[in-house]
Amino acid sequence: MIRRLWTLIVAACAVQAFASGALAQQYPNGPIRLIVTFAAGGSSDVLARSVAKAMSEGLKQQVVVENRPGAGGNIGAMAVARAESDGYTALFGTNGTLAIGPALYKNLQYDPVKDLAPVGMLHQLPNVLVIHPSIPATSLRELIDYARNKPGQLTFASAGVGSASHLAGELLKAAANIDVLHVPYKGGGAAMPDLLSGRVSMMIETIPNALPAARSGTLRALGVTTPARSSAAPDLPTLAEAGLPDFNVSSWTGLFVPAGTPRAIIERLNAETVRIARDPAYVEQIKTMGTDVVSSTPDALGEFMVKDIANWTVAVQRSGTRAE
């Protein structure tokens with residue numbers, strides 16, 4: 001009896017393994033939606049479209065970008081968390097939504113750890129503090145002095161409540177002891193026109209979205225938020241160098257699918273993220289945006305995100321930032 005039961009178990013496992021392998025071979029047989037949680041035109045959107053194009057070539061199916069902005073990225077992330085677990089809906093996840101969001105929102109309607117399955121890391125990118133040239137400051141110290149003399153009169157834009165740019169701005173306010181009004185937008189791309197026109201004073205934004213304007217002179221860059229200088233702008237000091245010791249706000253992106261997605265599909269998608277990370281043409285294209293291409297296993301991304309949520313939770317508590 002025990003031998004027969006064991007035989008049945010082995011047979012079932014063999015059938016499951018065969019089905020999983022067959023599923024991986026058949027997948028994908030239709031287009032894949034890649035949900036971006038911010039509006040078109042921002043750095044997340046630009047990077048996601050580059051990923052979609054590169055993965056479409058390897059998967060032999062179209063990866064279609066769909067923008068679902070709002071609520072600091074939570075609207076789009078929740079849509080993916082509630083989607084069918086069939087591998088045809090994926091999330092272009094960011095630390096602003098998936099690591100900061102759980103620390104910032106008390107009533108988050110999904111759990112990024114339990115409701116999303118990690119596929120692989122995609123990018124790491126620094127942020128840069130940029131101001132409108134109408135502000136008479138050419139350094140971080142001058143900006144701080146200017147802001148302290150005009151409490152509540154300056155504004156800082158963000159990609160939305162709960163985004164990395166929002167929290168970075170709040171951390172800047174706390175570290176520099178300045179009173180600056182937060183103005184949220186539906187993505188960095190949506191915020192940039194108002195920053196360029198001077199309707200808002202400043203923003204901490206990803207280098208891909210902000211550096212071109214700084215290089216053209218339409219914005220003034222004062223420093224990067226990472227512990228080390230960026231290879232894309234080595235002349236810019238870190239904010240820690242410029243007068244705010246230990247200031248560190250870094251960003252990352254990764255690919256996620258709904259929890260319950262078959263492991264074979266996750267591994268197929270992960271293989272694509274690894275492939276494009278080794279493609280010299282893709283890496284060079286992304287490098288021109290001031291962004292580093294990275295890759296990881298699904299499990300490594302999951303472990304990293306859990307640790308990052310813990311780190312941002314401390315940062316949120318220190319900043320005193322809250323969102324409903």
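**View 1. Tyr27 and Tyr88 are both buried.** We start with two tyrosines in what is a predicted model. Neither sits on its own: the ring centres of Tyr27 and Tyr88 are 5.3 Å apart and the ring planes meet at 65°, so this counts as an edge-to-face pair. The two come from distant parts of the chain, 61 residues apart. Tyr27 belongs to the loop between helix H1 (2-26) and strand S1 (32-36), while Tyr88 is in the loop between helix H3 (74-81) and strand S3 (89-94). The structure holds two aromatic pairs, and the next view shows the other one.

**View 2. Trp252 and Phe304 make an edge-to-face pair, because their ring planes are at 75°.** Here the ring centres are 5.6 Å apart. Again, distant parts of the chain are linked: Trp252 is in strand S9 (residues 250-258) and Phe304 is in helix H11 (residues 298-319), with their positions 52 residues apart. How buried or exposed is each partner? Trp252 has a relative accessible area of 3%, so it counts as buried. Phe304 comes in at 30%, which means it is partly exposed.

**View 3. Helices H2 and H10 pack with their axes 11 Å apart.** H2 covers residues 43-59 and H10 covers residues 280-287, and the angle between them is about 170°. With angles over 145 degrees counted as roughly antiparallel, that is why H2 is roughly antiparallel to H10. Which residues make the contact? From H2 come Leu47, Ser50, Val51 and Ala54, and from H10 come Tyr282, Gln285 and Ile286. Sort these contact residues by type and you get five nonpolar, two polar and no charged.

**View 4. Helix H9 spans residues 263-277.** Its 15 residues reach 21 Å from the first C-alpha to the last, close to the 21 Å expected at 1.5 Å a residue. Plenty to look for along H9: the buried residues include Ala264, Ile265, Ile266, Leu269 and Val274. Asn270, Glu272 and Thr273 are also among the buried residues of H9.

**View 5. Tyr185 sits in a loop between strand S6 (180-184) and helix H7 (188-197).** Its relative accessible area is 17%, and the cut-off for buried is under 20%, so Tyr185 is buried. What does Tyr185 touch, leaving aside residues up to four places away in sequence? Its contacts are Ala157, Ser158, Ala159, Gly160, Ala190, Ala191, Asp194 and Val200. For a sense of scale, Tyr185 and Leu236 are 51 residues apart in sequence and 26 Å apart in space, C-alpha to C-alpha.

Definitions and conventions:
Residues numbered from 1 in each chain as written. Predicted model: local features only at pLDDT ≥ 70, side-chain atom pairs only at ≥ 80, totals over all residues. Heavy atoms only, no water. Axes fitted to C-alpha atoms, helices over the stretch in contact; angles between N-to-C directions. Helix = DSSP H or I, 4+ residues; strand = E, 2+ residues; numbered from the N terminus. Parallel < 35°, antiparallel > 145°, perpendicular 65-115°, else oblique. Contact = heavy atoms within 4.5 Å. Nonpolar A, V, L, I, M, F, W, Y, C, P; charged D, E, K, R; others polar. Phe/Tyr/Trp six-rings, centres within 6.5 Å; stacked < 30°, edge-to-face > 60°. Buried < 20%, exposed > 50% of the residue type's maximum accessible area, 1.4 Å probe, protein only. Expected span 1.5 Å × (residues − 1).
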